[in-house]
Amino acid sequence: MDASFWQGRWKEGRLGWHEGRPNSLLEAHLGQLGKEKRVFVPLCGKSEDLAFLAERGHSVVGVELVPEGLRAFFAEHRMEPRVSRQGRFEKLEAGPITLLAGDVFDLTPHDLAGCDALYDRAAVIALPQATRVRYAAHLRTLMPKGSRGLVVTLEYPQDKMEGPPFSVSEAELRQLYRGLEVTPLEERPWESPKQREVGVAGLERCYLIRF
Ligand SMILES: C[S@@+](CC[C@H](N)C(=O)[O-])C[C@H]1O[C@@H](n2cnc3c(N)ncnc32)[C@H](O)[C@@H]1O
C-alpha cells in the first residue's frame with residue numbers, strides 16, 4: 001500500500017472504512033485514557049472520532065497522508081482551519097483539533113509535543129504486516145512513557161479476504177508492543193460494508209496499551 005493507493009481511494013471517494021459516527025468501542029472505553037488529554041490519532045482520515053474526542057474535552061493531533069481528507073473533515077464540521085507549515089507537514093488547526101497532512105513515518109516526538117494519549121482505529125490494521133512492525137516501533141518512539149492508548153483492531157480469517165483492512169490478532173498486537181502492558185477490553189462482531197460485501201465474519205476488538 002503505497003501513497004498512490006490511498007490517494008486513489010480518496011480521489012474516487014472509496015472510503016468504506018469511514019463510519020460517519022463515533023466508533024462504538026471508543027464511546028465505550030474513552031474513559032480509559034483519562035481526562036483532558038492531548039490525543040494522537042494516527043492515520044486519522046476524516047473520522048468522526050476526532051470531533052468526538054474534542055467534544056469530550058480532549059485536544060487532538062491527527063496525521064493523515066491525504067490532505068483532501070483533512071480539508072473534508074473541517075468542511076463537514078463547518079470549521080475554518082488556520083493553515084501553516086510544520087516541517088514536512090501542512091498543519092490545519094481549529095480549536096482543540098490540529099491535523100497534520102503528511103506521512104506518519106516522518107513524525108518526530110517534537111511534532112507531537114504534549115501528546116499524552118493515543119487512539120488507533122483503522123490505523124495499524126490499514127498497514128501490511130512488515131509496515132505494521134515499523135509503525136509500532138515508530139509509535140514507541142513517539143509516545144511518552146506511561147501514556148495510554150486505545151487500539152481498535154479487526155480479526156477475521158485472512159485467507160478469506162485481502163486487506164486492507166488486515167486482520168491483526170491479539171498475539172500479533174502483543175508482539176508488536178512486547179514489553180508493554182496490553183489489556184483486551186472488549187470485542188464485538190465486525191459489521192461494515194466490506195464485511196457484508198465479502199460475507200466474512202470477524203471481530204472488532206479494543207485494547208488498552210500502556211507505553
Ligand atoms: C483505513 S483509513 C482509516 C481512517 C480513520 N482512522 C478512520 O477510522 O476513519 C486509513 C487512513 O490512513 C491514511 N494513511 C495511509 N498511510 C498513511 C501514512 N503513511 N501516513 C499517514 N496517513 C496514512 C490513508 O490515507 C487513510 O485515510
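## The hairpins on either side of E4

In this predicted model, the hairpin of E3 and E4 has two residues between its strands, and Gly87 there takes a positive phi near 60°. Strand E3, which covers residues 82-86, pairs with E4 in the antiparallel sense over five bridges. Within this pairing, Ser84 is the residue that stands opposite Lys91 of E4.

E4 also forms a hairpin with E5, again with two residues between the strands, and in that turn Gly95 has a positive phi of about 55°. The pairing of E4 with strand E5, residues 97-101, is antiparallel and runs over five bridges. Lys91 takes part here too, since its bridge partner in E5 is Leu100. Lys91 can therefore serve as a reference point for reading the register of E4 against both E3, where it faces Ser84, and E5, where it is bridged to Leu100, given that strands count as paired when DSSP finds at least two bridges between them.

## Burial of E4

Strand E4 spans residues 89-94 and is mostly covered, with six of its six residues buried. The cover extends to both faces of the strand: Phe89, Lys91 and Glu93 are buried on one side, while Glu90, Leu92 and Ala94 are buried on the other. The charged residues Lys91, Glu93 and Glu90 are thus among the buried positions of this strand.

## Ser59 in strand E2

Ser59 belongs to strand E2, which comprises residues 59-64. Ser59 counts as buried because its relative accessibility is 18%, and the cut-off for that class is under 20%. Its side chain makes a polar contact of 3.0 Å with the side chain of Arg38. When residues up to four places away in sequence are left aside, Ser59 touches Lys37, Arg38, Val39 and Pro96, so that Arg38 appears both as a polar partner and as one of the residues in contact under the 4.5 Å heavy-atom criterion.

## The ligand and its surroundings

The ligand is surrounded by 15 residues, of which the closest are Leu43, Glu64, Asp103, Val104 and Arg121. By class, this shell consists of nine nonpolar, three polar and three charged residues.

Three of the short distances involve nitrogen atoms of the ligand: a backbone N or O atom of Leu43 lies 2.8 Å from one, a polar side-chain atom of Asp103 lies 3.0 Å from one, and a backbone N or O atom of Val104 lies 2.9 Å from one. Taken alone, the ligand exposes 600 Å², and the protein buries 95% of that area.

Terms used. Residues numbered from 1 in each chain as written. Predicted model: local features only at pLDDT ≥ 70, side-chain atom pairs only at ≥ 80, totals over all residues. Heavy atoms only, no water. Buried < 20%, exposed > 50% of the residue type's maximum accessible area, 1.4 Å probe, protein only. Helix = DSSP H or I, 4+ residues; strand = E, 2+ residues; numbered from the N terminus. Near = heavy atom within 4 Å. Polar contact = N/O pair within 3.5 Å; in protein donor to acceptor, adjacent residues only side chain to side chain. Areas by Shrake-Rupley, 256 points an atom, 1.4 Å probe, with all protein chains shown as cover.
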